[in-house]
Amino acid sequence: MCDSCIIVCVIMIIFSVVKLIQYKDERFEQKKMNHELQQIKEKELKDTENNIKKEDKKILKGYRNLHRINKDMYGWLKIRGTEIDYPVMFIPGDTMFYENRNWDKKEVDVGNCIWIDGRTTETSKNIIIYGHNMRNKTMFGSLKDYKDIKFYKKHKYIQFDTLYKRQTFEIISV
């Protein structure tokens, strides 16, 4: 084998290892960020202070502080028995902004946000919610578990809160 081929192979291996480490590090940071967001939500739910800003009074308790941090927050999606426990983002007219961004709006290889189709309006009867199908079962990766009827029967409800309304939906088809 020629020396230049060996050099090219070594460079490719080094590049691949670096990209893999970056990917793992990014996934770790995104999981940590989501945990921090969940903590902000839970802390606010337990907080008994009544010093609520006038513009936040209509927003449900648990989501006020998160909405102050990022005004794109539309609500929260949670499915018991899965990893799905995430804020839901929305930018009217822009469906793809959060595809490769995190909560802080920073570009990442694979976004860690759940987001709503930008064509959604206040009168929309159907809302399309996007999220990545991750192999490690984060984001929407755990939705595959619904292929098992036992899992479905045990976890057939989805909690999807908007900033203003708590909602529970029953899954009727998989």
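This passage describes the cysteines, a surface patch and one buried asparagine in a predicted model.

The cysteines were examined for cross-links. A disulfide is a covalent bond between the sulfur atoms of two cysteines. A search of the whole structure returned zero disulfides. Cys9 shows why no bond is assigned to it: its sulfur lies 6.7 Å from the closest cysteine sulfur, that of Cys5. A disulfide would require the two sulfur atoms to be within 2.5 Å, so the Cys5 sulfur is too far away for a bond with Cys9. Both residues are partly exposed. The relative accessible area is 34% for Cys5 and 39% for Cys9.

A nonpolar patch was found on the surface. Ile6, Val10, Ile14 and Val18 make up this patch. Its area is about 320 Å². One of its members, Ile14, belongs to helix α1, which covers residues 3-46.

Asn70 was considered next. This residue sits in the loop that links α2 (64-69) to β1 (73-78). Asn70 is buried, because its relative accessible area is 4% and the limit for buried is under 20%. Leaving aside residues up to four places away in sequence, Asn70 touches Met89, Tyr98, Trp103 and Lys105. With Tyr98 there is also a polar contact between the side chains, at 3.3 Å. Gly81 offers another reference point for Asn70. The two residues are 11 residues apart in sequence. In space, their C-alpha atoms are 27 Å apart.

Definitions and conventions:
Residues are numbered from 1 along each chain as its sequence is written. This is a predicted model: local features need pLDDT of at least 70, side-chain atom pairs count only at pLDDT 80 or more; totals for chains, interfaces and linings use all residues. Side-chain values use heavy atoms; hydrogens and water are left out. Buried means under 20% relative accessible area, exposed over 50%, partly exposed in between (1.4 Å probe, protein chains only). Patches are made of residues with over 30% relative accessible area and no salt bridge: like charges are joined within 9 Å, nonpolar side chains (Val, Leu, Ile, Met, Phe, Trp, Tyr) within 5 Å. Accessible areas come from the Shrake-Rupley method with a 1.4 Å probe; for residues, only the protein chains shown count as cover. A salt bridge is a side-chain nitrogen of Lys or Arg within 4 Å of a carboxyl oxygen of Asp or Glu. Helices (H or I, at least four residues) and strands (E, at least two) are DSSP runs, numbered from the N terminus. Contact means heavy atoms within 4.5 Å. A polar contact is a pair of N or O atoms within 3.5 Å; within protein, one must be able to donate a hydrogen and the other to accept it, and residues adjacent in sequence count only if both atoms are side-chain atoms.
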